[in-house]
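Notebook open, viewer open. I want to go through the chain contact, then a few strands, then one loop residue.

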Amino acid sequence: MRILIKGGKVIDPGRYDGIADILIENGKILEIGPDLGSRLSALGSRYSEPGTQCPAPSTQHPVPSTQHPVPSTQYPEPRIIDASGKIVVPGLIDMHVHLREPGHEYKETIESGCRAAVHGGFTAICPMPNTDPVNDNGAITAYILKKAQEANTARVCPVAAVSKGLEGKGLCEYGELKDAGAVALSDDGRPVMNSQLMRRALEYAKGFGMLVISHCEDLELAGSGVMNEGAFATRMGLHGIPNAAESVMVMRDIALCELTRSRLHIAHVSTKESVEAIRAAKKRGASVTAETAPHYFTLTEDAVGEYDTHAKMNPPLRSAADREAVLEGLADGTLDVIATDHAPHSSLEKEVEFDHAANGIIGLETSLSLSLRLVEKGILSLSSLVEKMAINPARILGLEKSLTPGSAADITLIDPDFGYTADACKFQSRSRNTPFDGWEMKGRAILTMVGGVIVFEV
Amino acid sequence: MTDMQFIKKDILDMESLSAEDITLILDTAEKMKEISDRPIKKVPTLRGRTVVLFFYEASTRTRTSFDIAAKRLSADSISISASTSSMVKGETLIDTARNLEAMNSDVIVIRHSSSGAANMLAKCLKASVINAGDGTHAHPSQALLDIMTVREKKGSLEGLRIAIIGDVSHSRVARSNIAGFTKMGAEVVLAGPPTMMPAGIETMGASVTYHIEEAIRGADVIMMLRIQKERQKSFLFSGEREYARVYGLNRERLKHAKKDVLIMHPGPVNRGVEISPDVADGPYSVILDQVNNGVAVRMALLYLVSGGARNADSD
């Protein structure tokens, strides 16, 4: 089975940026270059030699093949996908999602979450371990991977727990988790408050070459807070969460990262102080990376409005100055990754008093459209957007993700001009908890391919 | 009753009431007050109306006050508390409220420990919702009775200096009073330890000082807020002894205030902590006037959200 993606603007940062065709065979990228369609017959089923992977357009001498069709038995006619006017990028990766299975299947299943992912243009997602039971042992990791295989859409790369039961008391068996297929470790949602445990986790993970992802929150400082601390929270009578609840832990974890010389990834950065701390740490050469989520660069605390629980998340939506700092962090590379923190909740958790509402919003099906706004506004180039949504998460997690011939054909086709109204009722996710319902969007994924298989097409 | 139109379905907070709305409510309340002085304290104004008192948080004063207000207007009032409601069986607040509405309740008065609970009900119910205190957000009927008390004693709030002293961060009364007092032309100054001053409170239009004498100096009205012992656990203050010494109102401190100062307290009073007994019971204290006006204000609110004069005429 051959597929030819024809005439799209191919963006594979550092490797390719221009109008090109991509030929896919047996789930892998066979060839990338301008005008492949006209010389299909010349393209054998073997990968090209190194050095011809990214040929300069001027060296191409297309052979007119239409007059001499190749016998279909040898090279069957490929399915041709017309990508003219579209953007073709390496499959997007969301390295921070919650799939709720096992345990809370009424909110999301691995199947529905994967479907939401590919509809949003993601070919791989990393579910966090706060399921029930917690993904803190090889059996649960294996279960998640089995369910993902059955779903057969997006790739699922599980993140396992740092501590047993997310209780912050003892280390999980990282060796077993790695063998089972876990790609990273995190106590997301239940921050590691014990600094000694965090230090040892960073060191112990290093022995297995595993990454620790930190949800930075000082639970005592956050206290009973339910939204950003400030005048808005005061007026609404809601308990505030100060920026420092996040940044003191960002600073602690950076210190521990430097102490242990281990790799650290900081999840969902929301404050100015965190961005500054990470920028300074990177300047010192610390092996720290960081992500933020579309809601932190799109919304501010004002979205809470009149107690809208769809604007309640952890960390909370912050001030305009924080949002500005997050945008600067994205622009200057301090923030490496855009990840959604896709957190499905049903009306049971959201149609309640603001104090009692669960934290989090779904994000897989709005992330790309919201991120494309940054390109529209000139904050990010298309190329750096692809870095933050595909290349950098792959590099940080040690996953393969590029359009190099020979690599798996995980590809996302983006129509940057596709206008639509976000309609949560039509989302693939089992949950509807999004503050972006009804938003006018421009640009989205129109085709998602995983391993050469088209898993979503508009 | 007055012929002015009052078109609000709900009373949720002071921010959504204009100075004209407040004046109308207080004018109505003053007329209502006379009913309570009669030997037979009952008028048929809200006969056949159903008022549900939906109290999810302990309350003696406010609940009794609304109950008496409803009964004096001949409405049928029903009390529900958290422990006797289906909430203990796991029913959500919205479900419970929808069930009450399905029984054709006209007005739902709600007290709840979560800020925004009244707003949530108002959004999903056709019945009128009166907020009787939600979390640390708002307590509009308390603010209205406080404004009524000040207006009664001083004639007007215009240009008055009102000090609110104590744990502002946990006080819905403080928030509603800042909004209400400033709308009626008063200057509000807040005092207390920095731990009890919530971030950005000055954006509501009040000034902040950490020295009680500074707040009291030249004050026309001093409102003391209740200090809850359990706030020591969240490190808001070191203890009652120091609080009383540094932030408590006593006879000595009162000397800084104007000669005709009014001492107010939304209750319940912690005698000897935020206010010394002699001041609480002294000549400047209007604490019981506040309670008395509470019934009148709540009668006015029930009457006005129920359609006011138009419905009374058709009765």
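**Entry 1: the contact between the chains.** I looked for salt bridges across the interface of chain A and chain B and got zero. Keep in mind that this is a predicted model. Polar contacts are another matter: I count 11 residue pairs between chain A and chain B, both residues at pLDDT 80 or more. The contact takes in 17 residues of chain A and 24 residues of chain B.

Then I looked up the area. About 1,500 Å² is buried between chain A and chain B, and carbon and sulfur atoms give 53% of that. Which residues of chain A lose the most area to chain B? They are Thr234(A), Arg235(A) and Glu353(A), which together make up 36% of what that side buries.

**Entry 2: strand β11(A) and its partners.** I went to β11 of chain A, residues 211-214, and checked where the side chains go. Leu211(A) and Ile213(A) point one way, Val212(A) and Ser214(A) point the other way, and all are buried. That fits the textbook: side chains in a regular strand alternate between the two faces of the sheet.

Next I noted the pairing. β10(A), residues 184-186, runs parallel to β11(A) and is joined to it by three bridges. Ser186(A) is the residue opposite Ile213(A). To get from β10(A) to β11(A), the chain passes through helix α4(A), residues 195-207, in a right-handed β-α-β crossover.

β11(A) also pairs with β14(A), residues 264-266, again parallel and over three bridges. Here the bridge partner of Ile213(A) is His265(A). I wrote Ile213(A) down twice, once with Ser186(A) and once with His265(A).

**Entry 3: a three-stranded sheet.** I followed another sheet in chain A, an open one with parallel pairing and the order β6-β7-β8. The edge strands are β6(A), residues 92-97, and β8(A), residues 155-156, each pairing on one side only. β7(A), residues 122-127, pairs with β8(A) in the parallel sense over two bridges. In one of these spots, Ala124(A) has Arg155(A) of β8(A) as its bridge partner.

**Entry 4: Gly438(A).** I found this glycine in the loop between β17 (411-421) and β18 (440-450) of chain A. Is Gly438(A) buried or exposed? Neither quite: its relative accessible area is 43%, so I put Gly438(A) down as partly exposed. Leaving out residues up to four places away in sequence, Gly438(A) touches Thr421(A) and Ala422(A). I also took the C-alpha to C-alpha distance from Gly438(A) to Asp35(A): 40 Å in space, with their positions 403 residues apart in sequence.

Notes: Residues numbered from 1 in each chain as written. Chains lettered and ligands numbered in written order. Predicted model: local features only at pLDDT ≥ 70, side-chain atom pairs only at ≥ 80, totals over all residues. Heavy atoms only, no water. Buried < 20%, exposed > 50% of the residue type's maximum accessible area, 1.4 Å probe, protein only. Helix = DSSP H or I, 4+ residues; strand = E, 2+ residues; numbered from the N terminus. Pairing = 2+ DSSP bridges. Right-handed = clockwise from strand over helix to strand, strands pointing away. Contact = heavy atoms within 4.5 Å. Buried area = accessible area lost by both parts, 1.4 Å probe. Salt bridge = Lys/Arg side-chain N within 4 Å of Asp/Glu carboxyl O. Polar contact = N/O pair within 3.5 Å; in protein donor to acceptor, adjacent residues only side chain to side chain.
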